[in-house]
Amino acid sequence: MEGLPTKNNLRLRNIILSNSQLICPLCEFDLETEVHLFCWCKVTDSLWKRWWRTFQCPVVPPNSLGNLYLMKPV
Ligand SMILES: [Zn+2]
């Protein structure tokens, strides 16, 4: 997932230089990293839950990227 253009990865590539630009634009709470976007961001978490409810998927949200990879369709 290091290929995703998250703000943290853009900083590692010296594309973003300011720490003030690293905050997640969705929740404006934490650094935008892969783990934050897929596991901890309150905004994406609500979107995931809405998606799962719409399609009636009995899924527990992942708490790490490793768990995300282990998720299997029911
Ligand atoms: Zn966020």
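In which element of the chain is confidence lowest, and in which is confidence highest? The model is predicted, so a word on confidence is a helpful place to start: local features are given only at pLDDT of at least 70 and side-chain atom pairs only at pLDDT 80 or more, while totals for chains, interfaces and linings use all residues. Residues are numbered from 1 along each chain as its sequence is written. By pLDDT (the predictor's confidence in each residue, from 0 to 100), the lowest mean in the chain, 74, belongs to α4, and the highest, 92, to helix α1 (residues 7-12). The chain has a mean pLDDT of 85, with 88% of its residues at 70 or more.

Turning to the overall fold, the chain contains 4 helices and 0 strands, where helices (H or I, at least four residues) and strands (E, at least two) are DSSP runs numbered from the N terminus. The order of elements from the N terminus is α-α-α-α. Of the 74 residues in the chain, 9% are buried; a residue is buried with 20 or more other C-beta atoms within 10 Å of its own, exposed with 12 or fewer, and partly exposed in between, the C-beta atoms being placed from the backbone. Among contacts with a separation of 6 or more, 36% join residues 24 or more positions apart, a contact being a pair of residues whose C-beta atoms, placed from the backbone, lie within 7 Å.

The loop between α1 and α2 (34-40) is home to N14. Phi of N14 is positive, near 60 degrees, and this residue is not a glycine. N14 is exposed because 7 other C-beta atoms lie within 10 Å. E28 also sits in the loop between α1 and α2, and has a positive phi of about 55 degrees without being a glycine. The 8 C-beta neighbours of E28 inside 10 Å explain why E28 counts as exposed.

Helix α3 (residues 42-54) has 13 residues and an expected span of 18 Å at 1.5 Å a residue, which agrees with the 18 Å between its end C-alpha atoms. The expected span is 1.5 Å times one less than the number of residues in the helix. α3 is hardly covered, with 0 buried residues among its 13. After α3 comes Q56, with a positive phi near 50 degrees.

The final helix to visit is α4 (residues 65-70), which holds L68. L68 is partly exposed because it has 15 C-beta neighbours inside 10 Å. Leaving aside residues up to four places away in sequence, L68 touches F38, C39 and P62. L68 and C39 are 29 residues apart along the chain, and their C-alpha atoms are separated by 8.3 Å.

Key:
Two residues are in contact if their C-beta atoms, placed from the backbone, lie within 7 Å.
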